[in-house]
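Trainee: I am new to this structure and would be grateful for a close look at a single part of it. Please set that part in its surroundings as well.

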Amino acid sequence: MKTKMSLVLFLVLAASAGVVQVTNYPKAKVSFDDFKGLVAEVEAHRATRLVDLNTFIKMSKEPGVIILDSRSTYRFDRLHLKGARHLSFTDFTQDNLQKVIPSFETKILIYCNNNFDGNQTDFASKVAVPRTTAGSAAATQFDAQAKPIMMALNIPTYINLYGYGYRNVYELHELVNVNDRRIAFEGSVAEQNPPILAPPIAK
């Protein structure tokens, strides 16, 4: 009996030791210093490649140009600029980008939700609005004066494209009404008759 009890106790202790065993993993493949260095390099480059809608449309008609939509698959399938290619930002890797973009010299045009006004369902603005904190009148006043933070997908998209070696990137820099007749959309929403976009632009 004592032998059986000893064996059971041994097995329990051995199992417990296995559960609490600590594995020393290497550090994650994350470097904030790499990101900071890349942002500093990208800032000046991007500043010269912000274009208005007319220029964006003109460029889009050039041979070999790609309009890249990096929003979610769900949003892209519902509504996107006509002719745009899709790769969700979360799927950015060297291999995936090579499948969508032929070469590092390819001219790439990018846009995101924050480029369009009038449809908060399919182009919901990415903006962090400061929260009001309970407190003194002075604190409330400061909160009211706080500036919203733009969280547009264009920024990380541009930075990552640059980091992966794609430098011929241009970014739409205007807030365009979705009913602007200069642009055309594709997707399940655009196929509805009439399309559910936004109220007509007032003349």
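Mentor: A residue counts as buried when its relative accessible area is under 20%, as exposed when it is over 50%, and as partly exposed in between (1.4 Å probe, protein chains only). By that rule, 31% of the 203 residues of the chain are buried. The model is a predicted one, in which local features need pLDDT of at least 70 and side-chain atom pairs count only at pLDDT 80 or more, whereas totals for chains, interfaces and linings use all residues. Residues are numbered from 1 along each chain as its sequence is written, and side-chain values use heavy atoms, with hydrogens and water left out.

The chain has 7 helices and 11 strands, the terms referring to DSSP runs numbered from the N terminus (H or I, at least four residues, for helices; E, at least two, for strands). Contacts, meaning heavy atoms within 4.5 Å, often link distant parts of the sequence: of those between residues at least 6 apart, 70% join residues at least 24 apart.

The part I choose is helix H7. Its buried residues are Asn154, Thr157, Tyr158, Ile159, Leu161 and Tyr162. Among the elements that cover them are H2, S2, helix H5 (94-100), strand S5 (108-111) and S9. After the helix comes Gly165, which has a positive phi, near 105°.

One of these covering elements, helix H2 (residues 32-47), deserves particular attention. Its axis comes within 10 Å of that of H7, and the two cross at roughly 100°; axes here are lines fitted to C-alpha atoms, for helices over the stretch in contact, with angles from 0 to 180 degrees between N-to-C directions. H2 is therefore roughly perpendicular to H7, a label for angles of 65 to 115 degrees (under 35 is roughly parallel, over 145 roughly antiparallel, the rest oblique). From H2, the contact involves Phe35, Leu38, Val39, Glu41, Val42, His45 and Arg46, and from H7, Ile155, Tyr158, Ile159, Tyr162 and Gly163. By class, these residues comprise 8 nonpolar, 2 polar and 2 charged, where Ala, Val, Leu, Ile, Met, Phe, Trp, Tyr, Cys and Pro are nonpolar, Asp, Glu, Lys and Arg charged, and the others, Gly among them, polar.

H7 also takes part in the largest pocket. A pocket is an open set of points, on a 1 Å grid over the protein atoms alone, where a 1.4 Å probe fits, with protein on both sides within 12 Å along at least five of seven lines; lining residues have an atom within 4 Å of a point. This pocket has 17 lining residues, and Asn114, Asn115, Met150, Ala152 and Asn154 lie nearest its centre. Strand S6 (116-117), H7 (154-163) and strand S9 (169-172) each give two or more residues to the lining. Asn154 thus appears both among the buried residues of H7 and beside the pocket centre. The lining consists of 8 nonpolar, 5 polar and 4 charged residues. The pocket's volume, the space filled by probe spheres set on grid points joined across faces, edges and corners, is about 280 Å³.

S2, another element covering H7, leads to the second largest pocket, which holds about 240 Å³. Helix H3 (53-60) and strand S2 (66-69) each supply two or more of its lining residues, with H3 giving the most, 4 residues.
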